[in-house]
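Trainee: Could we go through this structure together, with the reasoning behind each term spelled out?

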Amino acid sequence: MLPEKLLEILKQDGVVAIATLGQDGPHMVNTWNSYVRISSDGRLLIPAGYMHRTEANITYNPQVLITLASSKVQGLHGPGAGFLIKGTAAFITSGSDFDLLKSKFDWLRATLAVTPDVVTQTW
């Protein structure tokens with residue numbers, strides 16, 4: 001289960017950073033908190049419009065690091081809360097997870113599905 005504080009952050013404005021590691025080294029892309037959906041089994045579902053290098057890196061190494069935060073959520077030390085998520089990712093181009101995001105984001109070409117392994121509140 002994802003922490004309630006993380007779910008609260010996803011309801012606020014903020015940037016999500018997704019880091020991958022491929023044959024050519026590290027790579028990072030961003031998206032918005034409001035774009036992320038949570039599946040019934042606790043995976044993060046993220047719409048991918050481009051993210052071609054991210055996809056290539058995940059094919060090479062499916063481990064990802066994700067940070068997300070919001071200044072509008074009370075954190076550990078005052079205003080502002082954030083999380084680091086370590087997980088395993090896959091790109092999905094069909095099925096219910098893809099269809100869910102496609103109905104909300106007509107521009108997406110794939111759904112980036114991340115299964116969290118470790119979720120740590122950092123702030």
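**Terms and values**

Mentor: Read from the start of the sequence, the protein follows the pattern α-β-β-β-β-α-β-β-α-β. This is a predicted model, in which local features need pLDDT of at least 70, side-chain atom pairs count only at pLDDT 80 or more, and totals for chains, interfaces and linings use all residues. Residues are numbered from 1 along each chain as its sequence is written, and side-chain values use heavy atoms, with hydrogens and water left out.

Trainee: What makes a run of residues a helix or a strand in this protein?

Mentor: Helices (H or I, at least four residues) and strands (E, at least two) are DSSP runs, numbered from the N terminus, and the protein comes to three helices and seven strands.

Trainee: How do you know which strands pair, and in what order do the seven strands of the open sheet stand?

Mentor: Two strands pair if DSSP finds at least two bridges between them, and the order is S2-S1-S5-S6-S7-S4-S3, with antiparallel pairing. Strand S2 (25–32) and strand S3 (37–38) each have a single partner strand, so they stand at the edges with one side left without a neighbour in the sheet. Strands S5 (residues 63–75) and S6 (residues 78–92) pair over 10 bridges in the antiparallel sense, and threonine 67 has leucine 84 in S6 as its bridge partner.

Trainee: Why does the radius of gyration agree with a compact globule?

Mentor: The globule rule, for a radius taken over C-alpha atoms, is 2.2 Å times the number of residues to the power 0.38; for 123 residues this gives a value near 14 Å, and the protein has 14 Å, so the two agree.
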